[in-house]
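Thanks for coming. I will go through one structure this morning, starting with the overall layout and then moving to a few residues. Please have the sequence and the model open.

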Amino acid sequence: MDDEQTPGGPVEEPTELQLAAASDTFAMLASPARLHLMWRMSSGRYDVGQLAAHVGLSLPTTSQHLSKLRLAGVVSARREGRHSYYTVDDPHVLSLVEQIFEHIAPDGTLAPDPPLKDLRA
């Protein structure tokens, strides 16, 4: 079976490993708390206390979510003195988070898509 043709050339099917990894990433971001933490960290580095206060979670709950995100390789922690500062490590996941909030309006409905550019021009 031939690969599908697009204006940019053939499109290859994702491998099973790619599909599994993508599914795992979306599952990690499916938690509103983790998504909120990711959104907050997209603007800089924060310690657990700052993140907990911004997101409205307890310190232990925030730490658990950050541990899961670290294990997934999405965020990293850097120790400075008595504090660990968390940042988003994966620019692709960061882009996904930014795009979803561009796509969802503040009232929870889908935001209108920008008009498509005429590709024939």
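What pattern does the protein follow, read along the sequence? The answer is β-β-α-α-β-α-α-β-β-α. That gives 5 helices and 5 strands. Before going further, please keep in mind that this is a predicted model.

Two overall figures first. The protein has 121 residues, and 26% of them are buried. Of the contacts with a separation of 6 or more, 45% are between residues 24 or more positions apart.

Now the sheet. Three strands are involved: the sheet is open, its order is E3-E5-E4, and the pairing is antiparallel. E3 and E4 are the edge strands; each has a single partner strand, so one side of each has no neighbour in the sheet. As a reminder, strands of a sheet pair through backbone hydrogen bonds, either parallel or antiparallel.

Let me take the two pairings in turn. E3, residues 46-47, is joined to E5, residues 83-88, by 2 bridges, and the two strands run antiparallel. Within that pairing, Tyr-46 stands opposite Tyr-86 in E5. E4 and E5 are joined by 6 bridges and also run antiparallel. These two strands form a hairpin with 2 residues between them. Gly-81 sits in the turn and has a positive phi of about 65 degrees.

Next, the helices around this. Helix H4, residues 59-71, lies across E4 and E5. H4 runs at about 115 degrees to E4. Helix H2 covers residues 32-41, and its buried residues are Ala-33, Arg-34, Leu-37, Met-38, Arg-40 and Met-41. Looking down the axis of H2, those buried residues fall within an arc of 160 degrees, so they line one face of the helix. Note that Arg-34 and Arg-40 are among the buried residues there.

Now some individual positions, beginning on the hairpin. Which residue in E5 is the bridge partner of Arg-79? It is Ser-84. Arg-79 lies in strand E4, residues 75-80, and Ser-84 lies in E5. Their side chains also meet, in a polar contact at 3.0 Å.

Is Ser-84 buried or exposed? Ser-84 has a relative accessible area of 18%, and the cut-off for buried is under 20%, so Ser-84 counts as buried. Arg-79 is at 57% relative accessibility, and because the cut-off for exposed is over 50%, Arg-79 counts as exposed. So this polar contact has a buried serine on one side and an exposed arginine on the other.

Ser-84 also has neighbours from both flanking strands. Leaving out residues up to four places away in sequence, Ser-84 touches Tyr-46, Asp-47, Val-48, Ala-77, Arg-78 and Arg-79. Asp-47 is worth a second look from the side of Arg-79: the two are 32 residues apart along the chain, and their C-alpha atoms are separated by 9.5 Å.

Further along E5 is Thr-87. Thr-87 counts as partly exposed, at 25% relative accessibility. With the same exclusion of residues up to four places away, Thr-87 touches Met-41, Gly-44, Arg-45, Val-74, Val-75 and Ser-76. Met-41 in that list is one of the buried residues of H2. Val-74 is 13 residues from Thr-87 in sequence, with 8.7 Å between the C-alpha atoms.

Last topic, charge pairs. Side chains of opposite charge can pair when their charged atoms come close. How many salt bridges does the count come to? The count is 1. The pair is Glu-80 with Arg-45, at 2.8 Å from N to O. Glu-80 lies in strand E4 and Arg-45 in the loop between H2 and E3, so the pair ties together parts that are 35 residues apart in sequence. Glu-80 is partly exposed, with a relative accessible area of 34%, and Arg-45 is partly exposed as well, at 41%. Arg-45 has already come up, as one of the residues that Thr-87 touches.

To recap the central part: an open antiparallel sheet in the order E3-E5-E4, with H4 lying across E4 and E5, and a salt bridge between Glu-80 and Arg-45. I will stop there and take questions.

Note on methods:
Residues numbered from 1 in each chain as written. Predicted model: local features only at pLDDT ≥ 70, side-chain atom pairs only at ≥ 80, totals over all residues. Heavy atoms only, no water. Helix = DSSP H or I, 4+ residues; strand = E, 2+ residues; numbered from the N terminus. Buried < 20%, exposed > 50% of the residue type's maximum accessible area, 1.4 Å probe, protein only. Polar contact = N/O pair within 3.5 Å; in protein donor to acceptor, adjacent residues only side chain to side chain. Pairing = 2+ DSSP bridges. Arc of directions from axis to C-beta. Contact = heavy atoms within 4.5 Å. Axes fitted to C-alpha atoms, helices over the stretch in contact; angles between N-to-C directions. Salt bridge = Lys/Arg side-chain N within 4 Å of Asp/Glu carboxyl O.
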